[in-house]
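Trainee: Could you take me through the places where the ligands sit in this model? I would enjoy a close look, with the surroundings described piece by piece.

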Amino acid sequence: MKPFSYERAATPEAAVAALARTPGARLIAGGTNLLDLMKLRVEAPTHLIDINAVGLDRITPTDEGGLRIGALVRNTDLAADARVRRDYGVLARALLAGASGQLRNKATTAGNLLQRTRCPYFYDTDMPCNKREPGSGCGALQGGHSRPLAVVGGSDQCIATHPSDMAVALRVLDATVETLQPDGARRFIPLADFHRLPGDTPRHDTTLAPAELITAVTLPAPVGGMQVYRKVRDRASYAFALVSVAAIVQPDGSGRVALGGVAHKPWRMEEADAELPRGPQAVVDRLLADAKPRPDNAFKLPLAQRTLAAALADAKELQA
Ligand SMILES: Cc1cc2nc3c(=O)[nH]c(=O)nc-3n(C[C@H](O)[C@H](O)[C@H](O)COP(=O)(O)OP(=O)(O)OC[C@H]3O[C@@H](n4cnc5c(N)ncnc54)[C@H](O)[C@@H]3O)c2cc1C
Ligand code: SF4
């Protein structure tokens with residue numbers, strides 16, 4: 001690990017000010033992703049700004065009937081919150097499908113959204129990777145291993161997937177990310193616009209500006225329905241999704257669907273939701289109409305359809 005300096009910010013304003021004035025600085029929350037990246041020399045911040053003492057660790061009701069989740073709320077606490085379990089079951093289930101109990105005790109809401117891809121070449125500094133080192137090439141596309149990677153929304157620069165389970169549930173719930181900028185301005189970014197596709201600049205995972213701090217994630221008023229999260233992975237726990245499905249199904253058969261493990265961002269299209277009454281194949285055909293799978297990850301297309309079928313069966317059981 002390269003040497004770095006450290007400070008502990010007392011307020012969100014102090015954290016963004018420190019971030020703006022210190023070149024090469026990074027925020028650290030639970031540290032469960034950033035520290036691994038530093039040990040592997042994928043990330044080499046010159047200065048760490050610890051935000052664990054800035055507050056932002058509460059879940060509070062909003063005037064609109066939803067919930068405001070502070071950026072520092074731990075994944076364990078969010079999954080266990082009685083309001084989340086009652087009204088946003090898809091979120092509680094997605095959180096519990098991620099990582100392990102110990103990791104969830106440390107991992108924060110903002111850190112989870114900002115965790116980096118699990119593409120193996122991103123973590124291997126001996127391999128080319130346009131996301132880690134722009135212009136170096138793509139280990140996966142240059143004849144490498146692409147089994148866990150994206151089948152849709154990729155580019156000729158990068159086919160990484162976003163690894164967060166929580167983000168897939170937040171997408172289906174139409175959550176909003178709230179931020180603070182160094183000039184004191186706040187932004188409200190719909191989750192749909194928060195993660196981006198790789199295009200020509202795979203280095204950037206999100207639309208967050210430099211020195212911008214996530215302060216909270218807001219959930220709209222509950223939409224009811226049967227809320228399920230299904231995750232298919234190579235082993236039963238402690239593994240990232242090959243394909244996952246977050247679904248909310250209403251008693252009349254309408255609903256919403258988002259996929260994880262297939263793209264650089266949680267993958268949802270509102271027009272595909274309208275296909276739900278026609279069944280899982282129709283939804284997935286719409287969601288993955290522009291898919292460009294690689295030979296070793298083409299299995300994700302039928303897997304997405306089967307995972308959605310299983311999720312819809314889970315939803316029916318909840319209704320019964
Ligand atoms: C072995 C293992 C298995 C895992 N399995 C899963 C899994 O199955 N599913 C899953 O979804 N996740 C999984 N994870 C990932 C884990 O959920 C993330 O590492 C965690 O959520 C990151 O949160 P953190 O608070 O520790 O982030 P940190 O590591 O502290 O930070 C991550 C990034 O977010 C930035 N950041 C943090 N807070 C803010 C803020 N408020 N504003 C702006 N930037 C901020 C940091 O600068 C950093 O770049 C796994 C991790 C490990 C190590
Ligand atoms: S898919 Fe993206 S993250 Fe993976 S090696 Fe290629 S550029 Fe890097």
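Mentor: Gladly, and let's start with a contact made by a side chain: a polar side-chain atom of T108 lies 2.6 Å from an oxygen atom of ligand 1. Please keep in mind throughout that this is a predicted model. The backbone takes part as well. A polar backbone atom of G30 is 2.9 Å from an oxygen atom of ligand 1, and a backbone N or O atom of A99 lies 3.0 Å from an oxygen atom of the ligand. As for how much of the ligand is covered, ligand 1 taken alone exposes 980 Å², and the protein buries 93% of that.

Now widen the view to the whole shell. There are 34 residues around ligand 1, and T108 turns up again among those that come nearest, together with R26, L27, G31 and T32. Several elements of secondary structure contribute: the strands β2 (25–28) and β8 (213–219) and the helices α2 (34–39) and α7 (109–114) each supply at least two residues of this shell. Of these, α7 gives the most, with four residues. Sorted by class, the shell around ligand 1 holds 17 nonpolar, 11 polar and six charged residues.

Ligand 2 has surroundings of another kind to explore, so to speak, and here the cavities come into the story. A search of the whole structure finds two cavities of 30 Å³ or more. The largest holds about 80 Å³ of space, and this is the space taken by ligand 2. Its lining is made of 16 residues, with C119, C129, C138, C158 and A160 lying nearest the centre of the cavity. That lining divides into 10 nonpolar, five polar and one charged residue.

Looking from the ligand itself, you meet those four cysteines and A160 again: the residues around ligand 2 are C119, Y121, C129, N130, K131, C138, G139, A140, Q157, C158, I159 and A160. By class, this shell has eight nonpolar residues, three polar and one charged.

To finish, have a look at the other cavity. The second largest has a volume of about 40 Å³. Its lining consists of Q115, R116, T117, K131, T161, H162, D205 and H264. K131 is a name you have just met, as one of the residues around ligand 2. In the lining of this second cavity there are no nonpolar residues, five polar ones and three charged ones, whereas the lining of the largest cavity includes 10 nonpolar residues.

Key: Residues numbered from 1 in each chain as written. Chains lettered and ligands numbered in written order. Predicted model: local features only at pLDDT ≥ 70, side-chain atom pairs only at ≥ 80, totals over all residues. Heavy atoms only, no water. Near = heavy atom within 4 Å. Polar contact = N/O pair within 3.5 Å; in protein donor to acceptor, adjacent residues only side chain to side chain. Areas by Shrake-Rupley, 256 points an atom, 1.4 Å probe, with all protein chains shown as cover. Nonpolar A, V, L, I, M, F, W, Y, C, P; charged D, E, K, R; others polar. 1 Å grid on protein atoms, 1.4 Å probe; cavity = no way out; pocket = protein on both sides within 12 Å on 5 of 7 lines; lining within 4 Å. Points joined across faces, edges and corners; volume = space filled by probe spheres on them. Sits in = over half its atoms within 2 Å of the grid points.
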